[in-house]
Amino acid sequence: MAETEGSHIRIDKWLWAARFFKTRSQAAAAVAGGKVKVNGERVKAAKAIRLDDELSIHVGPYECAVRVLGLSVRRGPAPEAALLYEESVQSKVARKELATRLSAERIYDSHEKGRPTKRARCQIIRLKKGRV
């Protein structure tokens with residue numbers, strides 16, 4: 001873990017080491033796709049980040065606003081990776097609210113996967129023709 005003021009690391013390596021993405025190629029693709037911003041600006045995967053940089057990271061439906069506290073070129077265990085950044089309070093609250101809303105929506109969304117059975121198809125046909 002390099003923590004000197006003059007040190008820097010590529011953003012895709014840091015995102016991978018901090019465990020925001022599973023692979024470096026996924027991290028690079030997210031940066032190239034505009035899902036990651038450094039200090040409010042869209043950047044390329046080779047952008048060097050330094051300590052105290054502010055990052056905005058979109059992973060799926062979630063958005064994290066973090067501040068860089070440490071730099072690491074190796075991907076360590078999750079507790080060690082969590083020491084590399086600090087997430088803002090507003091970001092944590094927004095993520096938790098979104099997670100609860102999405103889980104509540106999943107409860108009411110009960111569509112079956114795959115093709116309907118013969119019985120279900122007959123019920124759909126009867127419903128469409130008005131012979132319920």
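I take exposed to mean over 50% relative accessible area and buried to mean under 20%. The model I am working from is a predicted one.

Entry 1, helix H2. I looked up the outward side of the helix at residues 24-32. Ser25 and Ala32 are exposed, and they sit on the face of H2 turned away from its buried side. I then listed the buried residues of H2 and got Ala27, Ala30 and Val31. These three lie on the same side of H2, because the arc they cover around the axis is only 100°. Next I checked what covers them. The cover includes helix H1, residues 11-17, and strand S2, residues 36-38. Past the end of H2 I noted glycine 34, which follows the helix and has a positive phi, near 85°.

Entry 2, aromatic pairs. I searched the whole structure and found three aromatic pairs. In one of them, tryptophan 14 and tyrosine 85 have ring centres 6.3 Å apart; their planes are at 75°, so I logged the pair as edge-to-face. This pair joins distant parts of the chain, since tryptophan 14 belongs to helix H1 and tyrosine 85 to strand S7 (residues 85-87), 71 residues apart. I also noted that ring pairs link Trp14, Phe20 and Tyr85 into a cluster.

Entry 3, accessibility of the two rings' residues. Is tryptophan 14 buried or exposed? Tryptophan 14 has a relative accessible area of 0%, so I entered it as buried. Tyrosine 85 comes out at 21% relative accessibility and therefore counts as partly exposed. The cut-off for buried is under 20%.

How values were computed. Residues are numbered from 1 along each chain as its sequence is written. This is a predicted model: local features need pLDDT of at least 70, side-chain atom pairs count only at pLDDT 80 or more; totals for chains, interfaces and linings use all residues. Side-chain values use heavy atoms; hydrogens and water are left out. Buried means under 20% relative accessible area, exposed over 50%, partly exposed in between (1.4 Å probe, protein chains only). Helices (H or I, at least four residues) and strands (E, at least two) are DSSP runs, numbered from the N terminus. The arc is that of the directions from the helix axis to the C-beta atoms. Contact means heavy atoms within 4.5 Å. Rings of Phe, Tyr and Trp (its six-membered ring) pair if their centres lie within 6.5 Å; planes under 30 degrees apart count as stacked, over 60 as edge-to-face and the rest as tilted.
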